[in-house]
Amino acid sequence: MTTITDELAIERRGRAGSVARRRTNFVIFLGPAIVLTVLFFVVPVIIDIAVSFTDLSRSLRISEFTTEQYEKVFRTDRRLSQVIGLTFIYVFGTLAIFNVTFGLILAITTTAIRNVSGSFFRGVWLLPRMSPSVLYILLWLWAVSPTEAGLVNQVLMQAFGLDAPLDLLTSAPIALIIISNGFIGASMGMIIFTAAIRGIPEHLFHAAAVDGAGTLAKVRFITLPALRWPISFVTIYQTLSLLVSFEYILLLTKGGPFYDTTVYALYVYRRAFESGQYGYGAALALFLIVIGVVVALIGWRFFDMERLLQRPRIEVH
Amino acid sequence: MIHWKIGTAALLSAALAAGSAAFLAATPLLAQEAVKLELWSRQDPSGPLRSGNVVKAAERLNKELEAEGSPKRVEVAVRESPAKGFDDDALQLLKVFGIGEGPDIFIAAHEWICAFQEDGFVLKLDDYIAKYPQHFGTIFPSLWSSAKCPDGTYAIPQDAEARMFFYNKKLLREAGYDAAFVDAMPERALSGDLTMDEVLEIAKQVVDKTKAQYGVLHRPNKGPDYIMVFNAYGNDFVDPATGKLLLERDKLAAAFGWFERGVKEKVIPANNTAMEFDALRKEFYTGNAAFWMYGIWDLGSVAFPTYGLPQDEKAFFADWGWITGPAPQKGGAPVSLTHPIVYAIAADTKEPELAVRLLGHASAVDLNTDHAVTTTHLGIKPEQLEEPRYAKAWPLARATELLKITKFLPNNSQFGELNGIIFAGIQGIESGRLSAEQAADFVIEEASATLEDVTVK
């Protein structure tokens, strides 16, 4: 016969066991993610902040702690305004033209045609993302080569009778970095939007068809409203990704001609690793971190991501 | 049983005797002390013997050590860096030294040596040089100045060369210049009669009147050659009174103006700095460009072996030639640049003496001549001029004529970085982003913001 006290004791033990289990689960399931986040995000940020207050230069030696790097950022660096302006054009242009709009067009068109053809075209558009970056840019370099051997020039000269070869790397470098990055970026939007479109209940389209809706009306009133959150996600994710990635630009134009395609992240790289100004590079990189966090928070608020990530409400019939 | 015992005893005795003999024979070997010296060298097809000669020198040094009865034997381990140029290589090596992983010996472009000296990474060599006159006594005195920092000598010259404007005589003749005019150009340039703008004018005639696409081509990355143009317009970049970097706005703008006019006249291509090195060489050596601003070693390294330019002196000069950097105006001073590569020793090497002696052997007349004649670089000692192989290599003898007017890049610890800014200025002009005046302002602003102690006039 058990007394109430015993029952309470069992319950407590039970609770105690449950707490221990929860703690263990926390360590097992979230531990690795937390360790990775601390190692690869928190620690580098702390190191970056520390380095930005030093005079670490070409021989990796620190002789003093100083705020000189921040004075340079705000006072003496005249390239910075141009670099920030270019970064805005690059991020906004790539997002608006390719990562969201073109990704959306690809998703809508490839889901509107037969499944086999749709999968084929999606596969084709995934190729740039799947190719190694160096190989992808080598193909671009051949395509836009300023000689008659370049693919674009071959087409323009032979099919359209152009007299002299074009040098797109010198005459249109910003367009080139937007297009080359956009071709890769579009595929991610395409996949996410395709999945979302597939998730729209089929009967809604049938009902709309019965009501007399045309293709455009179906897209406007059924597809797009259902894609609101995927679009928000792709926009925020790709903005952050475009802000910090520069490898395709470095390989294609090296940030040139002059500073024409030196976006902010590449500018940090050029300052730190080409000129050996590591302290200054660290100070510039800190602003990139701050900008990244701010953009993420603004996006979170603006696109109401909290609602997207809340628990799904299960319908009870 | 007895047989067995005798047999065993005999075997054991034989084994013991053999063992003792082997031990005795091996004793001197075991007493030897291997000294491993690490050599940092850039992978550079235009000078593989810079490191190769040090490896060979180890054999000579070891023989010398054996004769002296020293137990030490030197082993050279070459650590090759894949850097594209000497500037990138020096920046990489500074970092390697910075984290305490530096080599014992390294090969560098001379203008970087004071950057290593400033950070305390390189050994001062004055006493050692004086101690080993048999190795270093006859090296050309002028070359030593490229190895000096304000307080002493920190490197040993490994080679020298001459930088010039190569030109394609055939194209010039096709453009309407007569043979006498074309052949007299080197002499006119050397006497200050041929000007920088006349080169652009000739190049324009070639572009307008022949099938050649380009007038003047230059290197596509940061390096020394184009500094010749700046030298021609009076830029020395260092204030002789203080040793600090000196930027003179008008002189900078004048030099940038030459590039600006070149691009405007469609003589220098707008995308010169975006082209690949090999592509540029191909354009010149296959007859698609009138002038190529580069250095004498390009003949031995690329022009002869890759593009089949005639190796016979007379045949070469029939269709090809070179001029010094011309004067900015008639009667002015022509320019040429030499860019010595140097050997240096780490300040923290455990065996400085052996490292110095090793480099002494690597600087031997025969070994240095091997490097000179196979890669068309100029030698470091007057004795080399008498070597039959050296005398036979006519590009060396002919390029030596330019040494009368040659200059070095300044041995200022920040010049490498300043050169990067100057190169960005050239890129800005050629791609149409900057005017000559703006490029001068750009260099001054960037240098003042990122380098220390820059004097601006």
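The lining of the second largest pocket in this predicted model is a greasy-side affair by residue class: 22 nonpolar residues, three polar and two charged. That pocket holds about 610 Å³ of space. Of its 27 lining residues, the ones nearest the centre are Asp48(A), Val244(A), Ala285(A), Leu288(A) and Ile289(A). As for where the lining comes from, helix H1 (4-52), H11, H13 and H14 of chain A each chip in at least two residues.

Two of these contributors, H11(A) and H14(A), also pack against each other, with their axes 10 Å apart and an angle of about 170 degrees between them. Angles over 145 degrees count as roughly antiparallel, so that label fits H11(A) and H14(A). On the H11(A) side, the contact uses Ile236(A), Thr239(A), Leu240(A), Leu243(A) and Val244(A). Across from them, H14(A) brings Leu288(A), Ile291(A), Gly292(A), Val295(A), Ala296(A), Gly299(A) and Trp300(A). By class, the residues of this contact come out as nine nonpolar, three polar and no charged. Val244(A) and Leu288(A) thus turn up in the helix contact and also among the residues nearest the pocket centre.

Then there is H13(A), which spans residues 264-274 and is mostly covered, with eight of its 11 residues buried. The buried set is Tyr264(A), Ala265(A), Leu266(A), Tyr267(A), Val268(A), Arg270(A), Arg271(A) and Ala272(A). These residues pack against H3 (80-112), H11 (228-244), H12 (247-252) and H14 (278-302) of chain A, and also against H22 (436-450) of chain B. After H13(A) comes Gly276(A), with a positive phi near 70 degrees.

Key
Residues numbered from 1 in each chain as written. Chains lettered and ligands numbered in written order. Predicted model: local features only at pLDDT ≥ 70, side-chain atom pairs only at ≥ 80, totals over all residues. Heavy atoms only, no water. Buried < 20%, exposed > 50% of the residue type's maximum accessible area, 1.4 Å probe, protein only. Helix = DSSP H or I, 4+ residues; strand = E, 2+ residues; numbered from the N terminus. Contact = heavy atoms within 4.5 Å. Axes fitted to C-alpha atoms, helices over the stretch in contact; angles between N-to-C directions. Parallel < 35°, antiparallel > 145°, perpendicular 65-115°, else oblique. Nonpolar A, V, L, I, M, F, W, Y, C, P; charged D, E, K, R; others polar. 1 Å grid on protein atoms, 1.4 Å probe; cavity = no way out; pocket = protein on both sides within 12 Å on 5 of 7 lines; lining within 4 Å. Points joined across faces, edges and corners; volume = space filled by probe spheres on them.
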